[in-house]
Amino acid sequence: MKTRTLALLGSVIVVCLVLLTIQTRGHASRTADLLALVTTPVQKGLAVVHRGAFGFWSTYVDWKNVRGENRRLREEIQRLRVEALAVTETAEENRRLRRLLDLRARLPLETLPGEIIAREWGGWVRSLTVNRGRADDVRRLTAVISPDGLVGRVVDVRPGASVVQVLTDPASTVGAHLLRTRAPGIVEGEPRGTIRFKYMARDGAGLQVGDLVVTSGQGGMFPRGIPIGRVRAIDDRGAALFSYAHLTPVVDFARIDEVLLVTGDRMQDMTAYFPRGG
């Protein structure tokens, strides 16, 4: 290593002496040309390396900045999505509550608003639990309604909650009639979680798909004229005493969140206070 260093130093000294000798003898321009011949390729190479290194570093910095910006934008998008969902949920809740309060304000009935806090499932909704109970003077067989129509009746009252039997429960029966023809019958829950309108064949001759079935008010449990469901299919049993119409409930029992419990007089006709459109 030491020998190489001495050799390199000696070479540099020799080159310097040669160049100095050439310069003192009046050959300065040739010396400059010779130096340029040696140093120019080196300078070009250094310039290429510098440009390459600078370009690589600039690319790396840009890539790093873009990556950070993408991460920040993804976080921003996720935050905006969460906020949008919260706003949508709040707006939907406000819409539901406004409908419920509007119905309560225009009904000529004493009602008590309640919130659904639990659902009993058996492949479909069989009952709902409302956050109103004995402490709110709720009584068994209280009618439960929503802005769309009839939900069911209270079958169990507890200190702070009540259990509501919905129309799709197989044990549920409600006196009803067709709104258009007044043909009377009974709405029954079915084991598969649907409801049907049972009527005497001679009374239901004009039954049509799309007809609205409402409560008849008979028996005094439910006020008259509350929508129950629309005829989806007709099971005409010919000469049999009874025929059936399968109904689509006007209330979505799986999605309902707020209800009204009818605590006052139930003898009035409610037909004019609920929507009739298809």
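This passage walks through a pocket, a strand, some aromatic rings and two loop residues of a predicted model.

Residues are numbered from 1 along each chain as its sequence is written, and side-chain values use heavy atoms, with hydrogens and water left out. Because the model is predicted, local features need pLDDT of at least 70 and side-chain atom pairs count only at pLDDT 80 or more, while totals for chains, interfaces and linings use all residues.

A good place to start is the largest pocket, which holds about 310 Å³ of space. Its lining is made of 15 residues, and the closest to the pocket centre are Arg96, Arg99, Asp148, Arg255 and Ile256. Here a pocket is an open set of points on a 1 Å grid over the protein atoms alone, where a 1.4 Å probe fits, with protein on both sides within 12 Å along at least five of seven lines; lining residues have an atom within 4 Å of a point. Grid points are joined across faces, edges and corners, and the volume is the space filled by probe spheres set on the points. By residue class, the lining divides into 9 charged, 5 nonpolar and 1 polar (charged: Asp, Glu, Lys and Arg; nonpolar: Ala, Val, Leu, Ile, Met, Phe, Trp, Tyr, Cys and Pro; polar: the others, Gly among them). Helix H2, residues 28–106, gives the most to this lining, with 5 residues. Helices (H or I, at least four residues) and strands (E, at least two) are DSSP runs, numbered from the N terminus.

Next comes strand E12, which spans residues 258–262 and has 5 of its 5 residues buried (buried means under 20% relative accessible area, exposed over 50% and partly exposed in between, with a 1.4 Å probe and protein chains only). Glu258, Leu260 and Val262 point one way from E12, and Val259 and Leu261 point the other way. E12 pairs in the antiparallel sense with strand E1 (residues 111–121) over 5 bridges, and also in the antiparallel sense with strand E3 (residues 143–145) over 3 bridges; two strands pair if DSSP finds at least two bridges between them. Leu261 of E12 is the bridge partner of Leu112 and of Val144.

Turning to the rings, the whole structure has 3 aromatic pairs. The ring centres of Trp57 and Tyr60 are 5.6 Å apart and their planes stand at 35 degrees, so this pair is tilted. Rings of Phe, Tyr and Trp (its six-membered ring) pair if their centres lie within 6.5 Å; planes under 30 degrees apart count as stacked, over 60 as edge-to-face and the rest as tilted. Both residues of the tilted pair lie in helix H2, 3 residues apart, about one turn of the helix. Trp57 is exposed, at 52% relative accessible area, whereas Tyr60 is partly exposed, at 34%. The rings of Phe197 and Tyr199 have centres 5.7 Å apart and planes at 20 degrees, so they are stacked; both of these residues are buried. Trp57, Tyr60 and Trp63 form one aromatic cluster. A charge also meets a ring: Lys198 lies over the face of Phe242, 4.7 Å from the ring centre (NZ of Lys or CZ of Arg must be within 6 Å of the centre and within 35 degrees of the ring normal).

Finally, two loop residues deserve a look. Leu141 has a positive phi, near 70 degrees, though not a glycine, and is found in the loop between strand E2 (125–130) and E3. Arg182, in the loop between strand E6 (173–178) and strand E7 (184–189), has a positive phi near 65 degrees. Leu141 is partly exposed at 30% relative accessibility, and Arg182 is partly exposed at 42%.
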